[in-house]
Amino acid sequence: MPLTNPIPIQTNLVFRPAPGDQQNGSPRAVQYSKHKHSRSSYSESSPLTAVSRNNSLSFRPLKRSTPTPNKTIAIINASGRQAASLIRIATAVGFKVRAQLRNLEGVIATEVATNPNVTVFVGELYVRKQPDDKQDVTAHGDLPGILVNHHLIHQLFHGAQLAFVNTTFYGNELHIGQAIADAAKKVGVQHYVYSSMPDHAKYNSAWPSLPLWAAKHEVEDYVRKIGLPATFVYTGIYNNNFTSLPFPLFCMELKKDGSFEWQAPFHPDAKLPWLDAEHDIGPAIIQLFKDGPSKWNGKRIALAYEYLTPLEACRAFEEGVGRPVRYKRGPIQVKVKIPEGYREQLEALEKLFSPSNPDASKQPPYFGDQKLDDRCPDDALALWEGPRGLEEYAREIFPMEEEANGMTWMLSDEDECTCEQPDTTIDTAKANGEGQPGNEGDGDDEDSLDEGLVMRGLKRDEEDWLA
């Protein structure tokens with residue numbers, strides 16, 4: 001049964017001060033901005049240096065006309081960063097939302113479930129043929145005995161005119177993605193936006209497929225095949241992936257001297273696409289819906305607002321956080337328990353972006369198709385002109401996320417360094433270097449499969465990390 005809750009959401013928002021007016025910001029913003037810099041909030045190497053910030057008092061881009069919407073959006077995986085960003089913006093401007101949540105645990109799920117403009121459908125997109133079956137539902141490929149929850153999917157799409165879908169590795173992603181597309185087609189969805197990713201092997205047989213991305217690519221092919229009026233967004237690396245917790249691939253490790261170190265297999269001089277998922281996905285998707293399929297049907301969009309090398313990304317992060325940040329090229333380290341599907345993704349990703357490749361020009365394009373990479377950030381800026389860059393994220397949001405996860409380094413005096421780890425439930429007993437590396441997904445607990453990826457700090461009880 002769907003859940004509706006008219007309880008209004010109350011939140012303690014931190015408003016970003018205008019450039020040059022930092023002293024008038026909120027107390028928390030000032031506390032996290034101890035280090036003054038003359039540079040803009042975006043790195044000099046970023047194309048965002050040419051874009052005025054959306055909260056600037058000196059310049060605001062002309063607003064597009066925004067008639068009150070009278071449509072309902074069906075949204076899959078509503079606790080993920082992509083979907084949650086869209087729900088915040090969509091409901092604020094008048095859209096109704098029908099949202100699927102795996103469960104009601106965590107701060108994001110609570111936010112979604114208490115939004116008066118959201119009807120929530122709680123349940124997995126898969127079902128077990130045998131209720132007592134305990135097999136891993138995250139592994140890539142066919143999963144005997146793991147079926148599609150057609151009933152929930154059809155309920156979700158009843159009365160929806162628009163859809164935003166970001167499938168995950170829980171259950172057979174291809175079968176679930178096909179069923180979702182069929183349901184949207186059946187009810188006559190007018191614009192279907194699918195969060196896709198490439199199958200690199202389709203572009204070059206020498207490149208390995210990344211299992212989680214390859215499944216999305218297959219779903220995209222199916223959506224095209226059945227003739228849905230659809231647009232496909234390819235999201236860059238989330239700024240929000242960084243954490244000093246020992247999670248694979250995007251661990252910003254806090255060193256004893258107070259500096260940070262990011263280790264990954266990417267070539268230090270090869271460009272990568274970057275995106276602040278929480279801040280910028282929602283506005284971009286809303287603009288797609290406003291423009292409609294007449295403009296975007298069948299198009300692939302590179303949704304990334306910065307195109308930076310790992311070295312440039314670390315410099316931007318350093319400017320924002322006010323501490324030295326070093327990039328170390330190396331294998332992906334797995335120090336916590338992770339779902340099998342994510343482990344497979346990490347192993348393939350390390351092969352694709354080999355840490356032993358000496359030539360930056362030989363690193364495969366992040367989006368598979370070099371033409372799509374080359375459209376960063378133009379594609380994204382055509383949809384939303386006010387993004388939050390990596391430097392600004394590191395300065396104003398990263399410390400708050402770290403504090404929410406139990407870290408205290410941002411609260412220490414400048415002449416002191418508090419580098420202690422928080423009291424979390426990260427399961428390291430079975431990690432100890434098992435397996436290798438990966439990339440972002442979307443998920444909650446599944447019988448404690450990914451317990452090591454669950455943040456249980458001061459404020460984030462059971463919030464998803466991979467989203």
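## Helices and cores in a predicted model

Among the elements that cover the buried residues of helix H11 are helix H6 (200-203) and helix H7 (211-225); buried means under 20% relative accessible area with a 1.4 Å probe and protein chains only, and helices are DSSP runs of H or I of at least four residues, numbered from the N terminus. This is a predicted model, in which local features need pLDDT of at least 70 and side-chain atom pairs count only at pLDDT 80 or more, while totals for chains, interfaces and linings use all residues. Residues are numbered from 1 along each chain as its sequence is written, and side-chain values use heavy atoms, with hydrogens and water left out.

The buried residues of H11 include Tyr 342, Arg 343 and Leu 352.

The largest nonpolar core (buried Ala, Val, Leu, Ile, Met, Phe, Trp, Tyr and Cys residues joined through side-chain atoms within 4.5 Å) holds 89 residues, of which Phe 157, Tyr 192, Trp 262 and Phe 317 touch the most other members. Helix H5 (residues 173-187) gives the largest share of this core, seven residues. Apart from this core lies another, of 38 residues, with Trp 296 among them.

H5 also packs against H7, as the table sets out.

| Feature of H5 and H7 | Value |
|---|---|
| Angle | about 30 degrees |
| Distance between axes | 9 Å |
| Handedness of crossing | right-handed |

H5 is therefore roughly parallel to H7, a term for angles under 35 degrees. Where the two helices meet, in contact (heavy atoms within 4.5 Å), the residues include Leu 174 and Ala 181 in H5 and Val 219 and Tyr 222 in H7.

How values were computed. Buried < 20%, exposed > 50% of the residue type's maximum accessible area, 1.4 Å probe, protein only. Axes fitted to C-alpha atoms, helices over the stretch in contact; angles between N-to-C directions. Parallel < 35°, antiparallel > 145°, perpendicular 65-115°, else oblique. Left-handed = near helix turned anticlockwise from the far one by under 90°.
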